[in-house]
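Open your viewer and get ready to click through a few selections. Each stop tells you what to pick next and what is there.

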Amino acid sequence: MKNLNRRDFFKSAALGVSLTVLGTSKAKGSDKMLSDDRLGILVDTDVCVGCRHCEWACRVAHNLPTPDLDNYSDNSVFKEYRRPDAGSLTVVNKFENEKNPLLPIHVKVQCMHCERPACVSACIVGALTKGDDGSVVWDDDKCIGCRYCMVACPFQIPTYDYDRSIDPHIRKCDLCTDRRKNDELPACVNICPNEALLFGKRDAVLAVAKTRVKRKSDVYVNHIYGEHEVGGTSWMYIARKSFDKLNMPHLAANPAPGISESIQHGIFAYFVPPVTLYALLGTIMWITKRRSGDDDELISDEEEKGKGGKL
Amino acid sequence: MIPAPIKYKFITPGVIFLILIALNGLVFLAIRFISGIGAVTNLDNATPWGLWIGVDVAAGVALAAGGFTSAALGHIMHREEYHSIVRPALLTAMLGYTFVAFAVFVDIGRFYFIWHPLIMWNGNSALFEVGICVMIYVTVLYIEFFPMVTEKFIGRVNFPQFLDFLNKPVDMILRYLDSRLSATMFIFIIAGVVLSTLHQSSLGTLMVIAGQKMHPLWQTPILPLLFLLSAISVGFPMVIFESLIASRSFKLKPEMKILSRLGRMIGPILGVYLAFKIGDIFIRETFKYIVIFDTAAWMFIVEMALMMIAFALFLSRKVTRSPLGLFIASSFVIAGVLINRMNNFIIAYNPFYNPVKYFPSFGEISVTIGCIALLVLVYRAIVMYFPVISQEKREIIRKI
């Protein structure tokens with residue numbers, strides 16, 4: 001440090017600052033405009049009979065180990081509440097219907113494909129992206145397996161292959177991107193025998209949901225789950241029971257990544273705060289160096305004796 | 001007082017104990033890389049982050065804060081009297097961050113893609129910011145450490161016979177690097193402080209996105225500020241803690257003159273942290289969650305009690321004047337920050353569907369304490385080889 005004269009200091013400080021400024025890149029916000037054509041799916045839990053054919057079709061479509069379709073008529077799996085895991089991207093659960101015990105409520109669980117997804121905001125390498133069609137998909141070539149998307153997801157959807165050391169995947173519903181490329185419906189929608197899943201543009205699907213809730217207001221609770229939750233989701237649900245009792249998390253209407261991104265962009269704001277801090281510290285260093293000039297001489301004396309440490 | 005390698009025997013009963021702990025950790029590390037994370041940890045789809053992120057990474061980064069706080073004091077504010085603590089603090093930071101990086105490598109599923117954030121950017125992600133800052137900061141720390149290497153070897157480069165033609169060129173390279181570095185070192189010193197400020201706070205932003213999955217006692221928009229303040233609070237206590245342990249272990253006289261002065265600064269810093277932390281509880285009215293007295297509440301009470309006791313201790317002159325007092329008070333801060341990080345990343349994380357409450361497995365704990373043991377061993381080896389710890393001249397002579 002002692003070899004440094006003031007001119008050098010300014011030269012190098014200026015270099016440091018300009019390098020930092022060069023490195024500035026405009027952060028892209030997650031609040032980009034959503035396409036009007038984005039997709040939506042309505043789950044009418046009052047129509048679903050819990051045949052679980054969607055689970056089977058989903059596994060087939062995603063090349064996951066698939067039991068024979070006949071095994072799916074076994075209703076004992078409903079005894080336990082299930083969640084999607086590394087082997088199944090969607091599961092159906094059964095809930096009691098107090099008003100009519102003969103007609104239990106079946107609720108399908110899968111990625112909600114949020115309008116403002118927390119996982120996309122969180123992902124360290126941008127391996128999760130939100131497409132114009134509304135789907136949130138995972139990129140095998142980018143993911144580093146940090147599992148921050150799982151921490152961020154308000155619906156607890158992404159799952160991880162804990163048993164694999166090499167090439168573990170983050171798995172979740174991808175809205176059958178591959179099938180849709182060939183003009184096919186998502187596997188679950190395609191197979192559903194009761195048309196409990198309504199697939200189309202989100203606006204249209206939402207309109208149908210509103211009509212159904214209004215027309216059968218004695219049946220449905222007046223709440224379309226997914227219309228507003230965490231800023232809206234692609235998958236939406238209507239049901240005859242409060243969603244709190246169907247193990248759907250109670251969520252506010254503000255987008256999930258919300259404050260996190262504001263803080264992040266506040267701290268960085270085009271790199272102004274870090275550069276300012278750098279300049280400020282540089283100034284303090286320069287001023288205090290002048291003041292402690294005597295001490296420097298002391299140290300150099302020591303060094304002349306041959307053993308003193310620089311820095 | 002000048003920095004010099006410490007002459008002392010490397011192997012002691014304590015060292016053998018540490019080696020055994022490290023080996024035990026290595027066994028579980030091997031299993032993790034052969035059979036996957038699930039084979040060693042208790043992590044599941046409901047609890048994706050556990051001990052390795054909460055302690056190895058989050059607490060590790062905080063406890064390595066001594067590096068940037070003492071650099072700010074010694075070099076940026078030019079308080080020359082503190083120079084003797086900068087080197088050991090720098091070494092701790094360098095080793096600490098190396099182990100943090102290693103812990104990340106162990107915890108991420110696709111460890112072979114750890115370099116991806118360098119070229120695949122997501123400016124919205126707090127984790128990306130932490131990752132990039134830590135990567136640059138580790139590099140800066142190695143650069144800052146380099147003068148200790150040149151000091152050791154300049155004029156003393158001595159390769160074995162068949163390579164001795166390298167002696168002169170290597171010596172010249174070292175001399176050149178040394179002169180360039182001492183002219184530009186201030187760039188790295190300031191950069192180190194800026195980078196630390198950034199990623200220490202972003203580490204707090206990390207859990208903000210977990211939203212209501214996180215217990216309201218800890219989930220607050222000022223998490224980044226609290227993380228930064230607590231990191232600054234634990235910086236000097238960590239330096240004091242290590243300095244006293246090193247003195248005892250190597251039978252040196254503790255540098256009480258410097259450590260006491262350092263200790264007197266800790267009280268006010270802790271006071272600022274506690275003011276924000278307690279203010280946050282009252283503004284968000286989360287004190288109602290404390291009187292529930294469940295596990296989370298008790299952990300919060302423990303965390304706060306440790307920090308408040310430390311605050312009271314550091315305000316007392318009697319404490320800061322005695323080595324034992326300083327050691328105990330510093331230990332309280334270190335324990336407080338360690339538990340705070342564990343609380344934020346493990347205890348506070350409670351998603352709506354969580355059938356199996358997470359508790360770290362034997363394998364996870366083994367890897368964590370194994371890494372810490374290894375860290376201590378490497379620290380010991382380095383201070384015995386490089387001029388890191390300042391000693392009285394007669395101590396050096398006596399030991400030589």
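Select chain A and turn on its surface: about 15400 Å² is exposed, with carbon and sulfur atoms supplying 54% of that (Shrake-Rupley areas with a 1.4 Å probe; for residues, only the protein chains shown count as cover). Before going on, note that this is a predicted model, where local features need pLDDT of at least 70, side-chain atom pairs count only at pLDDT 80 or more, and totals for chains, interfaces and linings use all residues. Residues are numbered from 1 along each chain as its sequence is written, chains are lettered from A and ligands numbered from 1 in written order, and side-chain values use heavy atoms, leaving out hydrogens and water.

Switch chain A to cartoon and you'll find 10 helices and 9 strands (DSSP runs numbered from the N terminus: H or I of at least four residues for helices, E of at least two for strands). Of the 311 residues in chain A, 49% are buried, meaning under 20% relative accessible area with a 1.4 Å probe, protein chains only.

Next, pick strand E2 of chain A, residues 91-95: 4 of its 5 residues are buried. Add strand E3, residues 105-109, and you have its antiparallel partner, joined over 5 bridges (strands pair if DSSP finds at least two bridges between them). Click A:Phe95 and look across to A:Ile105, its bridge partner in E3(A).

Now show both chains. Where do they meet? Chain B puts 74 residues in contact with 82 residues of chain A (contact being heavy atoms within 4.5 Å). Together they bury about 6700 Å², 62% of it on carbon and sulfur atoms; that is the accessible area (1.4 Å probe) the two parts lose on being put together, summed over both. Select B:Arg110, B:Asn124 and B:Ile209: they supply 13% of the area chain B buries against chain A, more than any other three residues.

How many salt bridges cross the interface of chain B and chain A? The rule finds 3, asking for a Lys or Arg side-chain nitrogen within 4 Å of an Asp or Glu carboxyl oxygen. For one of them, zoom in on A:Arg147 and B:Asp107, whose closest N and O atoms are 2.9 Å apart. Then color H8(B), which gives the most to the side of chain B that touches chain A, with 16 residues.

Last stop: B:Asn344, in helix H14 (residues 323-347) of chain B. This residue is buried, at 2% relative accessible area. Beyond neighbours within four places in sequence, its contacts are B:Met207, B:Met214, B:Trp218, B:Leu223 and B:Phe227.

Technical notes. Buried < 20%, exposed > 50% of the residue type's maximum accessible area, 1.4 Å probe, protein only.
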